[in-house]
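The following exercises concern the helical packing of a single protein chain. Each task is followed by a solution that proceeds step by step.

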Amino acid sequence: MHDLYIDKLQFFIDSIGQMNEMHINLFTNLITHPNFKTVLMNLLLHGETSVRLKSHEILEALTAYFVQFCPSKTVYEFASG
């Protein structure tokens with residue numbers, strides 16, 4: 001069960017890595033979803049070491065996408081949009 005969960009997190013990370021400029025709305029919906037921050041913080045704070053590492057990888061993938069495809073938007077614009 002644990003390995004399946006880690007595999008799902010890796011799939012999520014890989015999916016973020018495959019997104020391009022055509023996925024800005026999807027990206028915006030993802031990071032502004034009301035449960036996203038809570039779930040990610042729970043993984044970071046309460047998960048096993050392997051889950052915490054995957055959580056950091058998720059943050060790295062999100063940051064890489066934001067830097068590459070959203071340079072004209074600020075974090076505040078995402079929060080209000």
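A residue counts as buried when its relative accessible area is under 20%, and as exposed when that area is over 50%. The model examined here is a predicted one.

**Exercise 1. Classify F36 by accessibility and list its contacts beyond its neighbours in sequence.**

Step 1. F36 is placed in helix α3.
Step 2. Its relative accessible area is 17%, so F36 is buried.
Step 3. With neighbours within four places in sequence left aside, F36 is in contact with F12, L30, I31 and L62.

**Exercise 2. State which elements the protein contains and how much of the protein is buried.**

Step 1. The protein has five helices and zero strands.
Step 2. Read from the N terminus, the order of elements is α-α-α-α-α.
Step 3. The chain has 81 residues, and 27% of them count as buried.
Step 4. The accessible surface amounts to about 5,900 Å², with 61% of it belonging to carbon and sulfur atoms.
Step 5. Of the contacts between residues at least 6 apart in sequence, 69% join residues at least 24 apart.

**Exercise 3. Determine how the buried residues of α3 are arranged around its axis.**

Step 1. The buried residues of α3 are F36, L40, L43 and L44.
Step 2. These residues span an arc of only 95 degrees around the axis, and therefore lie on the same side of α3.
Step 3. A general property of the fold element is relevant: an α-helix has 3.6 residues a turn, so residues three or four places apart point the same way.
Step 4. The face turned away from the buried side of α3 carries the exposed residues L45 and H46.
Step 5. The cover over the buried residues of α3 includes α1, α2 (24–32) and α4.

**Exercise 4. Describe the packing of α3 against α4, and classify the angle between them.**

Step 1. Two packed helices are described by the angle between their axes and the distance between the axes.
Step 2. For α3 (residues 36–46) and α4 (residues 49–69), the angle is about 140 degrees and the axes are 7 Å apart.
Step 3. Angles over 145 degrees count as roughly antiparallel, and 65 to 115 as roughly perpendicular. The two helices α3 and α4 are therefore oblique to each other.
Step 4. On the α3 side, the contact is formed by F36, L40, L43, L44 and L45; on the α4 side, by V51, R52, S55, H56, I58, L59 and L62.
Step 5. Sorted by class, this contact of α3 with α4 comprises nine nonpolar, two polar and one charged residues.

**Exercise 5. Repeat the analysis for α1 and α4.**

Step 1. The axes of α1 (residues 2–18) and α4 come within 9 Å, and they cross at roughly 10 degrees.
Step 2. This crossing makes α1 roughly parallel to α4.
Step 3. The residues of α1 that take part are H2, Y5, I6, L9, Q10, F12, I13 and I16, and they meet S50, V51, K54, E57, I58, A61, L62 and Y65 in α4.
Step 4. By class, the contact of α1 with α4 holds 11 nonpolar, three polar and two charged residues.

**Exercise 6. Examine L43, S55 and L62: where does each lie, is each buried or exposed, and which residues does each touch?**

Step 1. L43 is part of helix α3. Its relative accessibility is 12%, so L43 counts as buried.
Step 2. Apart from neighbours within four places in sequence, L43 is in contact with Y5, L9, V51, R52 and S55. The C-alpha atoms of L43 and L53 are separated by 9.4 Å, the two residues being 10 apart along the chain.
Step 3. S55 belongs to helix α4. At a relative accessible area of 0%, S55 is buried.
Step 4. When residues up to four places away in sequence are not counted, S55 touches L40, L43 and L44.
Step 5. L62 is likewise found in helix α4. L62 has a relative accessible area of 8% and is therefore buried.
Step 6. Not counting residues up to four places away in sequence, L62 touches I16, F27, L30, I31 and F36. Between the C-alpha atoms of L62 and I31, which are 31 residues apart along the chain, the separation is 8.6 Å.

Methods: Residues numbered from 1 in each chain as written. Predicted model: local features only at pLDDT ≥ 70, side-chain atom pairs only at ≥ 80, totals over all residues. Heavy atoms only, no water. Axes fitted to C-alpha atoms, helices over the stretch in contact; angles between N-to-C directions. Helix = DSSP H or I, 4+ residues; strand = E, 2+ residues; numbered from the N terminus. Parallel < 35°, antiparallel > 145°, perpendicular 65-115°, else oblique. Contact = heavy atoms within 4.5 Å. Nonpolar A, V, L, I, M, F, W, Y, C, P; charged D, E, K, R; others polar. Buried < 20%, exposed > 50% of the residue type's maximum accessible area, 1.4 Å probe, protein only. Areas by Shrake-Rupley, 256 points an atom, 1.4 Å probe, with all protein chains shown as cover. Arc of directions from axis to C-beta.
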